[in-house]
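Student: Could you take me through one part of this structure slowly and carefully? I would like a close look at the aromatic rings and at what lies around them.

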Amino acid sequence: ALMLSEQLYVDSGLNRTKVASLLNISEGYLSEILNSSRNINFNDYINSYRIKHAIEMFQDKKFGLFSIESIGLESGFKSKSVFYKAFKKEQNLTPGAYRKALNL
């Protein structure tokens with residue numbers, strides 16, 4: 001809930017240390033929670049929020065002139081390559097192919 005309400009994921013410097021501190025738990029415990037409850041590692045967990053954010057931007061016509069790279073950066077990714085890799089891993093499409101398929 002904190003991740004969504006505060007949009008913490010758009011901070012490209014967000015890491016396991018910061019999230020664990022916000023939750024007042026250890027980094028190891030945070031990893032254990034994610035691994036056992038969602039079967040996902042921390043980076044993939046954060047990237048899933050970032051990808052959802054990017055998809056919302058792709059679907060919103062007011063962001064139509066934004067480059068794919070700028071949407072990735074606005075969503076919290078540190079670089080275009082990390083954005084493309086994470087997006088393709090989760091969506092089985094590149095961000096560009098996804099955007100083109102929307103045909104907005």
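Tutor: In this predicted model, Phe-77 and Phe-83 are both buried. Each of these two residues belongs to one aromatic cluster, which is formed by Phe-58, Phe-77, Phe-83, Tyr-84, Phe-87 and Tyr-98. Phe-77 also has a charged neighbour, for the charged end of Arg-50 sits over its ring, 5.9 Å from the centre.

Let us turn to the aromatic pairs themselves. A pair of aromatic rings is described by the distance of the centres and the angle of the planes. Counted with the rule that ring centres must lie within 6.5 Å, there are nine aromatic pairs. One of them is formed by Tyr-9 and Tyr-49, whose rings are stacked, with 5.7 Å from centre to centre and 15° between the planes. This pair links distant parts of the chain, since Tyr-9 lies in the loop between helix H1 (2-5) and helix H2 (16-23), whereas Tyr-49 belongs to helix H4, and the two are 40 residues apart. Tyr-9 is buried, and Tyr-49 is buried as well. The rings of Phe-77 and Phe-83 have centres 5.0 Å apart and planes at 45°, so this pair is tilted; the reasoning rests on the cut-offs, because planes under 30 degrees apart would count as stacked and planes over 60 as edge-to-face. Tyr-49, like Phe-77, has a charge over its ring: the charged end of Lys-52 sits there, 5.4 Å from the ring centre.

The loop that holds Tyr-9 leads on to helix H2 (16-23), and it is worth following the chain there. At the start of H2, a side-chain oxygen of Asn-15 reaches to within 3.1 Å of the backbone nitrogen of Thr-17, and after H2 comes Asn-24, whose phi is positive, near 60°. H2 packs against H3 at an angle of about 95°, and their axes are 9 Å apart, and the two helices are therefore roughly perpendicular to each other. On the H2 side of this packing are Arg-16, Thr-17, Val-19, Ala-20 and Leu-23, which meet Glu-27, Leu-30 and Ser-31 in H3.

Beyond H3 (27-38), the loop that runs to helix H4 (42-59) contains Ile-40. Leaving aside residues up to four places away in sequence, Ile-40 touches Leu-34, Asn-35 and Tyr-45. From there the chain enters H4, the helix in which Tyr-49 was found as the partner of Tyr-9.

Methods
Residues are numbered from 1 along each chain as its sequence is written. This is a predicted model: local features need pLDDT of at least 70, side-chain atom pairs count only at pLDDT 80 or more; totals for chains, interfaces and linings use all residues. Side-chain values use heavy atoms; hydrogens and water are left out. Helices (H or I, at least four residues) and strands (E, at least two) are DSSP runs, numbered from the N terminus. Contact means heavy atoms within 4.5 Å. Rings of Phe, Tyr and Trp (its six-membered ring) pair if their centres lie within 6.5 Å; planes under 30 degrees apart count as stacked, over 60 as edge-to-face and the rest as tilted. Buried means under 20% relative accessible area, exposed over 50%, partly exposed in between (1.4 Å probe, protein chains only). A charge sits over a ring if NZ of Lys or CZ of Arg is within 6 Å of the ring centre and within 35 degrees of the ring normal. A polar contact is a pair of N or O atoms within 3.5 Å; within protein, one must be able to donate a hydrogen and the other to accept it, and residues adjacent in sequence count only if both atoms are side-chain atoms. Axes are lines fitted to C-alpha atoms, for helices over the stretch in contact, and angles run from 0 to 180 degrees between N-to-C directions. Angles under 35 degrees count as roughly parallel, over 145 as roughly antiparallel, 65 to 115 as roughly perpendicular and the rest as oblique.
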